[in-house]
Amino acid sequence: KGRKLGTEIAVRGHTVITGACPGIPHEVAQSAHKNGGQVIGYSPACSREQHITDGMPVEGYTELIFLPKEAEKRRIEVRYKLRNIDSVEACDAAIFISGRVGTLNEYTLAYDLLKPFAALLGTGGAADALEDIARRIPKKPQPFMCFSADYIEILNELEKAASASAKD
């Protein structure tokens, strides 16, 4: 599902923004890049060298964005959260696929920043829990939310939502 999603994002001319780490989002990014899409990775590192030393991938990105040099002394767990703030703020809409605690952090950021978002259901992890979390812990105002196992439906709905919010 991740690779198909990446391909479809590229075909539609959208940019993929990820946390520049291994895992399913990287598979989405690789697929988008292979299909001519723009891919921006927000690294939890402060330099390309640190990114590589930390075991992060460098292939398949159009651009890698690093944290400011002063963040270098921070624990890696803190750098992940700093990176999440920047990457979520930079996106027009978010898609959550699988994931763990970092995905929950990105979800709360997207929610607080009123970014339209979707969860690709059936991928496990945090993505499959987000609909229940949104229902149990509602907040006003709410961003546009879509929960579906169909990545085409998700992209269609997010395109509509992003277009509507751009007009506002």
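**Exercise 1. Determine which residues T18 contacts beyond its sequence neighbours, and classify T18 as buried or exposed.**

Solution. Setting aside the neighbours within four places in sequence, T18 has contacts with P25, A29, I40, G41, Y42 and Y61. The model examined here is a predicted one.

Next, place the residue: T18 belongs to strand 1, which covers residues 15-18.

Then take the accessibility. The relative accessibility of T18 is 8%, and the cut-off for buried is under 20%, so T18 is classed as buried.

Last, look for a polar partner. The T18 side chain comes to 3.1 Å from the backbone nitrogen of A20.

**Exercise 2. Describe the aromatic pairs that Y107 forms with Y111 and with F117.**

Solution. Over the whole structure, the search returns 6 aromatic pairs. One of them joins Y107 and Y111, with 5.7 Å centre to centre and 75 degrees between the planes. Planes over 60 degrees apart count as edge-to-face, so this pair is edge-to-face.

Now locate the two residues. Y107 and Y111 sit in helix 5 (residues 101-112), with a spacing of 4 residues, about one turn of the helix. Both Y107 and Y111 are buried.

Repeat the procedure for Y107 and F117. Their ring centres are 5.4 Å apart and the planes make an angle of 90 degrees, again an edge-to-face pair. This pair links distant parts of the chain, since Y107 is in helix 5 and F117 is in strand 5 (residues 117-120), 10 residues apart. F117 is buried, as is Y107.

Finally, assemble the group: one aromatic cluster is formed by F96, Y107, Y111, F117 and F147.

**Exercise 3. Identify the elements that give two or more residues to the largest nonpolar core, and find which gives the largest share.**

Solution. Start from the membership. The largest nonpolar core has 19 residues, and those touching the most other members are L5, I9, V16, V39, Y61 and I154.

Sort by element. Two or more residues come from each of helix 1 (2-11), helix 2 (24-34), strand 5 and helix 7 (151-167). Helix 7 supplies the largest share, 4 residues.

Take V16 as a sample member of the core. Without the neighbours within four places in sequence, the contacts of V16 are I9, V28, A29, A32, Q38, V39 and I40.

Check for a further core. Another one, of 14 residues, lies apart from the largest core and includes A94, F96, A110 and A119.

Notes:
Residues numbered from 1 in each chain as written. Predicted model: local features only at pLDDT ≥ 70, side-chain atom pairs only at ≥ 80, totals over all residues. Heavy atoms only, no water. Buried < 20%, exposed > 50% of the residue type's maximum accessible area, 1.4 Å probe, protein only. Polar contact = N/O pair within 3.5 Å; in protein donor to acceptor, adjacent residues only side chain to side chain. Contact = heavy atoms within 4.5 Å. Phe/Tyr/Trp six-rings, centres within 6.5 Å; stacked < 30°, edge-to-face > 60°. Core = buried A, V, L, I, M, F, W, Y, C linked by side-chain atoms within 4.5 Å.
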